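Colleague: I'd like to learn how to read a model like this one, feature by feature. Could you walk me through it?

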Amino acid sequence: MSGRADAGTGRAVRPGAAVPGDDLQVFLKALTSGTRQKLFAHFADGEELTVGEVAERAGLGPSTTSEHLAVLRRGGLLQSTRSGKLVRYRADREGIAELLGQLHSYLLAPSEPRDTPPAHG
């Protein structure tokens, strides 16, 4: 089998196989945490919340909450605005739509045909 081994899976990756772009990888990483998924749910109605408000609702410390919200923001799921000492977060609907489009394209991209073994003659 040609190709390099994919780290951790033992499966080979075909040369030329599509790999998600950096933005999409950061987006997906932001969603890998169950805690971040739960925190993001607080923004589903379009609410704009401070770190303290999210921390209180989620039952987490402000520092932990802030770290998770920062990952969600870097991942393109949240936007933030600063007003004095307060940072308010809200869902980034346009960014999410763009990243979901990229994910859709990545998942449905045609793959290269597998190499066929030479015919025995």
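Colleague: Let's dive straight in. Leaving aside its neighbours within four places in sequence, which residues is Leu77 in contact with?

Modeller: Keep in mind that this is a predicted model. With the sequence neighbours up to four places away set aside, Leu77 is in contact with Phe27, Ala30, Leu31, Phe40, Leu72, Arg90, Ala91, Asp92 and Ile96.

Colleague: Several of those are nonpolar. What's the general idea there?

Modeller: In soluble globular proteins, nonpolar side chains tend to be buried together. In this model, the largest nonpolar core has 20 residues, and Leu77 is among those that touch the most other members, along with Phe40, Phe43, Leu69, Leu72, Leu78 and Tyr89.

Colleague: Which elements give two or more residues to this core?

Modeller: Helices H1 (22-30), H2 (34-41), H3 (51-58) and H4 (62-74) do, together with strand E5 (86-91) and helix H5.

Colleague: OK, let me zoom out. In what order do the elements of the chain run?

Modeller: From the N terminus on, read β-β-α-α-β-α-α-β-β-α. That gives five helices and five strands. The chain has 121 residues, and 26% of them count as buried. Its accessible surface is about 8500 Å², with 52% of that belonging to carbon and sulfur atoms. As for contacts with a separation of 6 or more, 51% are between residues 24 or more positions apart.

Colleague: Now the strands. How do I read a sheet?

Modeller: Strands of a sheet pair through backbone hydrogen bonds, either parallel or antiparallel. Here you'll find an open sheet of three strands, in the order E3-E5-E4, with antiparallel pairing. Strands E3 (49-50) and E4 (78-83) are the edges, each pairing on one side only.

Colleague: How many bridges join E4 and E5?

Modeller: Six, in the antiparallel sense. To pick one out on screen, find Ser80 and look for its bridge partner in E5, Tyr89. Tyr89 is also one of the core residues that touch the most other members.

Colleague: And the edge strand E3? Is Thr50 buried or exposed?

Modeller: Thr50, which is found in strand E3, has a relative accessible area of 9%, so it is buried. Beyond its neighbours within four places in sequence, Thr50 is in contact with Leu86, Val87 and Arg88.

Colleague: On to charges. How many salt bridges does the structure hold?

Modeller: Four. Take Glu47 and Arg57, whose closest N and O atoms are 3.0 Å apart. Glu47 sits in the loop between H2 and E3 while Arg57 is in helix H3, so the pair ties together parts ten residues apart in sequence. Both ends are partly exposed: Glu47 has 30% relative accessibility, and Arg57 has 44%.

Colleague: Which residue does Arg90 form a salt bridge with?

Modeller: Glu48, with the closest N and O atoms 3.7 Å apart. Since Arg90 lies in strand E5 and Glu48 in the loop between H2 and E3, this pair ties together parts that are 42 residues apart in sequence. Arg90 is partly exposed at 24%, as is Glu48 at 33%.

Colleague: What about Arg88, the one that touches Thr50?

Modeller: Arg88 forms a salt bridge with Glu53, and the closest N and O atoms are 3.9 Å apart. It's another link between distant parts of the chain: Arg88 is in strand E5 and Glu53 in helix H3, 35 residues apart. Salt bridges that share partners join Glu48, Glu53, Arg88 and Arg90 into one network.

Colleague: Last stop, the surface. Which residues make the nonpolar patch of about 310 Å²?

Modeller: Tyr106, Leu107 and Leu108 make that patch. Leu108 is in helix H5 (residues 93-108), and with 58% relative accessibility it counts as exposed.

Colleague: Which residues does Val19 touch, not counting those up to four places away in sequence?

Modeller: Gln25 and Tyr106, and you've just met Tyr106 in the nonpolar patch. The C-alpha atoms of Val19 and Tyr106 are separated by 7.8 Å, although the two are 87 residues apart along the chain. Val19 itself is found in the loop between strand E2 (12-13) and H1, and it is exposed, with a relative accessible area of 55%.

Notes
Residues are numbered from 1 along each chain as its sequence is written. This is a predicted model: local features need pLDDT of at least 70, side-chain atom pairs count only at pLDDT 80 or more; totals for chains, interfaces and linings use all residues. Side-chain values use heavy atoms; hydrogens and water are left out. Patches are made of residues with over 30% relative accessible area and no salt bridge: like charges are joined within 9 Å, nonpolar side chains (Val, Leu, Ile, Met, Phe, Trp, Tyr) within 5 Å. Accessible areas come from the Shrake-Rupley method with a 1.4 Å probe; for residues, only the protein chains shown count as cover. A salt bridge is a side-chain nitrogen of Lys or Arg within 4 Å of a carboxyl oxygen of Asp or Glu. Helices (H or I, at least four residues) and strands (E, at least two) are DSSP runs, numbered from the N terminus. Buried means under 20% relative accessible area, exposed over 50%, partly exposed in between (1.4 Å probe, protein chains only). Contact means heavy atoms within 4.5 Å. A nonpolar core is a set of buried Ala, Val, Leu, Ile, Met, Phe, Trp, Tyr and Cys residues joined through side-chain atoms within 4.5 Å. Two strands pair if DSSP finds at least two bridges between them.
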